[in-house]
Amino acid sequence: MVGNIFIKAINEKPNIVLGLATGATPLPTYCYICNSYKKGKVSLKNVSTYNLDEYVNLGHHDKNSYYYFMHENLFNQTDIQERNIHFLNGNAKNVIKECQKYDKKIEKKPIDIQLLGIGQNGHIGFNEPSQCFSKTTFKTKLTASTIKANSRYFSKSKMPREALTMGIGTIMKAQKIILIATGKKKAKAIKEMLKGQVTPRCPASILNFHSNVEVFLDKDAASLL
Ligand code: PGA
């Protein structure tokens, strides 16, 4: 279903700018887009993308990097042009400059649709629960909950403890936001996001202040509503 929203949006605006997420949640959506491309129903030739986040100290070609994930699961299977793909560089020497540069790029070419998953702790991107919402892209320390949830992807190497992520302010500038959550493990975060207070302790709750958000849940993720 979400896949189809993307196909329609790309066909309506072939040079659309997409904000993309990694993790298990968006995989069916990416699979749908790849299949539609293979069937000739869509072209990503003029689409631009910005990914939400990247681990610190993982090179682009590390199999656990989000750059690698996106190429494996979406980009390499479509006709998107490499020059239109934007990523944070987790290996950047000057992290502050890297983050500022990313926000400037997004300012120049704003995001039409931002796709989001949600962490079990309510994070979006790698905006972890904290005392305040971050306005801009920044380097963050991952929480124990996120390290536990994502360690399963790192079979041999140790999972990084830090990441670069679009800030909440950056995410909120997207014209439209689509959040997907699946599975029982997300039910508590979804309840807090939709029924709780708007607070940086549940970063996804800020989406209540965005005027164009669609949330897609399976039965398990919606089970506490
Ligand atoms: P997941 O991660 O899709 O792998 O559950 C989502 C997230 O942490 O934002």
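Tutor: Ala, Val, Leu, Ile, Met, Phe, Trp, Tyr, Cys and Pro count as nonpolar, Asp, Glu, Lys and Arg as charged, and the others, Gly among them, as polar. The model is predicted, so local features need pLDDT of at least 70 and side-chain atom pairs pLDDT 80 or more, whereas totals for chains, interfaces and linings use all residues. Residues are numbered from 1 along each chain as its sequence is written, and side-chain values use heavy atoms, with hydrogens and water left out.

Student: How is empty space found, and how many cavities of 30 Å³ or more does the whole structure have?

Tutor: Rolling a probe the size of a water molecule over the atoms shows where empty space is left. On a 1 Å grid over the protein atoms alone, a cavity is a set of points where a 1.4 Å probe fits but cannot get out; a pocket is an open set with protein on both sides within 12 Å along at least five of seven lines; lining residues have an atom within 4 Å of a point. Points are joined across faces, edges and corners, and a volume is the space filled by probe spheres set on them. Here the search finds one such cavity, with a volume of about 40 Å³.

Student: Which residues line the largest cavity, and of what class are they?

Tutor: The lining consists of Leu18, Leu20, Tyr30, Ile33, Leu44, Thr49 and Leu74. Six are nonpolar, one is polar and none is charged. Elements are DSSP runs numbered from the N terminus: helices (H or I, at least four residues) and strands (E, at least two). Both β1 (17-20) and α2 (27-38) supply at least two lining residues.

Student: What is the volume of the largest pocket, and which element gives the most to its lining?

Tutor: Its volume is about 810 Å³. Among the 37 lining residues, Gly23, Ala24, Asn150, Arg152 and Tyr153 are the closest to the centre. α5 gives the most, with five residues. By class the lining has 14 nonpolar, 16 polar and seven charged residues.

Student: Where does the ligand sit?

Tutor: A molecule sits in a pocket if more than half of its atoms lie within 2 Å of its grid points. The ligand sits in the largest pocket. A polar contact is a pair of N or O atoms within 3.5 Å. A ligand oxygen is 2.4 Å from a side-chain N or O atom of Thr25, and a ligand oxygen is 2.7 Å from one of His123.

Key: A polar contact is a pair of N or O atoms within 3.5 Å; within protein, one must be able to donate a hydrogen and the other to accept it, and residues adjacent in sequence count only if both atoms are side-chain atoms.
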